[in-house]
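Got the model open in your viewer? Here is a walk through it, one selection at a time.

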Amino acid sequence: MAEGTAQAEHLAGYADILLDVCATGRRLTRAELDARRAQGMRAAEAGLALRGLVRAHLAGAREVHPRLPAGAAGPLLAALEQAVDAFAEGYERSQHQAVRQEEAARREFIDDLLHGRSDLGRLAERAVRFGLRLSQAHAVAVAQGREPYGDGYPVARGIEETVLARFGSNRQILLTTKDGRLVCVAPGEQPDVLDYFARQAYAATDGGRVAIGRSHQGPGGVVHSYEEALGALELADRMGLEEPVLHAADLLVYPVLTRDRQAMADLVESILGPLRAARGGARPLIDTLSAYFDSGCVATEAARRMSLSVRALTYRLERIHGLTGADPADPRHRYTLQTAVIGARLLDWPGGTGS
């Protein structure tokens, strides 16, 4: 259907209203205004441009003008203003309603996508509407700041605009917020997208942290990658990792170590349990071991990190040796001790789930 014909359908009765209003000097009735609003809503639903429709209203008024008595220009302009205002109000109301419906549909899709709550075949069909092809591999990056972020927050909008401006919509990128975090879904073969998102998110979240899950195939791959990214963020908090950008692929050793949780708890209790007998409890000595191992077993660096003298740190290491029978400086004992310390962090021992 030609655009002019479509526009004419939404101006039905408009000329008659102008003629009658100008002949009587009255204003548009409530019923006439409601009719113009309804036509505006239908025009928006039909996808017609408001600018062209306004021009059509002006053209209709020009056609009516020669048929009016002298001195009717004032009433004509007043009627035109009322009619166009009501029509535009209906048009905008329809657009706002469509935006709200689209936002609700997008939010529902994102919830289903990130939690796998929908049939995977149906989910893949819905994903096309939002620019994703779930038959391909995807990876997910999750950013969290000091404060939670929601839809419409300036930081979230700014990062989304920056990423899309850099890569464009043809990259099949989905950016959103979930549970106060920023989330970016991108094709698995385009890691540059998530790396760029991570840099932008870290810079914008004022001390935040970003985790990137591995690439996984199919509709369920997004859920898997998302859960890996969340797990990396949780692990970073538990382990005291300082890296601003975490890759789940680099942290696979930790879930391996805790796959048999009871065995890890037994190892921690067996190796580190005697540290409870130390004055001040086990925690200061576990922190000492953590700093020692994190610094590459260099006593001076570990002492600096803990704000201790080298002598004080050395005393603590000797105390650990005396209580556990394992010497942190001895390569034969080091692996067992370090594994036990990692397990203590993961299990929040002592005093946590592993105590």
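## First stop: Leu175

Select Leu175 and show what surrounds it: leaving out residues up to four places away in sequence, Leu175 touches Arg106, Glu160, Val163, Leu164, Val183, Cys184 and Phe197, where contact means heavy atoms within 4.5 Å. Before going on, note that this is a predicted model, in which local features need pLDDT of at least 70 and side-chain atom pairs count only at pLDDT 80 or more, while totals for chains, interfaces and linings use all residues. Residues are numbered from 1 along each chain as its sequence is written, and side-chain values use heavy atoms, with hydrogens and water left out.

Leu175 lies in strand S2; helices (H or I, at least four residues) and strands (E, at least two) are DSSP runs, numbered from the N terminus. Is Leu175 buried or exposed? Its relative accessible area is 6%, so Leu175 is buried; the cut-offs are under 20% for buried, over 50% for exposed and partly exposed in between, using a 1.4 Å probe and protein chains only.

Now draw a distance from Leu175 to Glu160: the C-alpha atoms are 6.3 Å apart, with the two positions 15 residues apart in sequence numbering. Try Glu161 next, 14 residues from Leu175 along the chain, and the C-alpha separation is 9.7 Å. Glu161 sits in helix H7, residues 154-167, and counts as exposed at 55% relative accessibility.

## Zoom out

Show the whole chain as a cartoon. You should find 15 helices and six strands. The radius of gyration is 33 Å, well over the 20 Å that the globule rule gives for 355 residues, so the chain is more spread out than a compact globule. That radius is taken over C-alpha atoms, and the rule is 2.2 Å times the number of residues to the power 0.38. Along its principal axes, the C-alpha trace spans about 110 × 40 × 35 Å.

Colour by burial and 44% of the 355 residues come up as buried. Among contacts between residues at least 6 apart in sequence, 69% join residues at least 24 apart. Switch on a surface: the chain exposes about 18600 Å², with carbon and sulfur atoms supplying 50% of it; these areas come from the Shrake-Rupley method with a 1.4 Å probe.

## The two cores

Select Phe109, Leu113 and Leu132. Of the 29 residues in the largest nonpolar core, these three touch the most other members. A nonpolar core here is a set of buried Ala, Val, Leu, Ile, Met, Phe, Trp, Tyr and Cys residues joined through side-chain atoms within 4.5 Å. The elements giving two or more residues to this core are helices H5 (73-115), H6 (120-129), H9 (219-239) and H15 (331-347), plus strands S1 (137-144) and S3 (181-187). Which element gives the largest share? That is H9, with eight residues.

Keep Phe109 selected: beyond its neighbours within four places in sequence, Phe109 is in contact with Leu123, Arg126, Ala127, Phe130, Leu132 and Leu174.

Then move to a second, separate core of 26 residues, which includes Met264, Leu275, Leu313 and Leu317. Pick Thr288 in helix H12, residues 283-294. Thr288 is buried, with a relative accessible area of 0%, and, not counting residues up to four places away in sequence, Thr288 touches Met306, Leu313, Arg316 and Leu317.

## Arg305

Select Arg305 in helix H13, residues 299-306. At 45% relative accessibility, Arg305 counts as partly exposed. Apart from neighbours within four places in sequence, Arg305 is in contact with Asp294 and Ser295. Leu337, 32 residues away in sequence, is 20 Å from Arg305, C-alpha to C-alpha.

## Backbone oddities

Most residues other than glycine have a negative phi, and most peptide bonds are trans. Asp179 has a positive phi, near 55°; look for Asp179 in the loop between strand S2 (174-178) and S3, exposed at 56% relative accessibility.

Finish in the segment after H15, where you will find Asp348. Asp348 also shows a positive phi, about 55°, although it is not a glycine, and at 38% relative accessibility Asp348 counts as partly exposed. Pro350 is in the segment after H15 too, and the peptide bond from Trp349 to Pro350 is cis, with omega near -5°.
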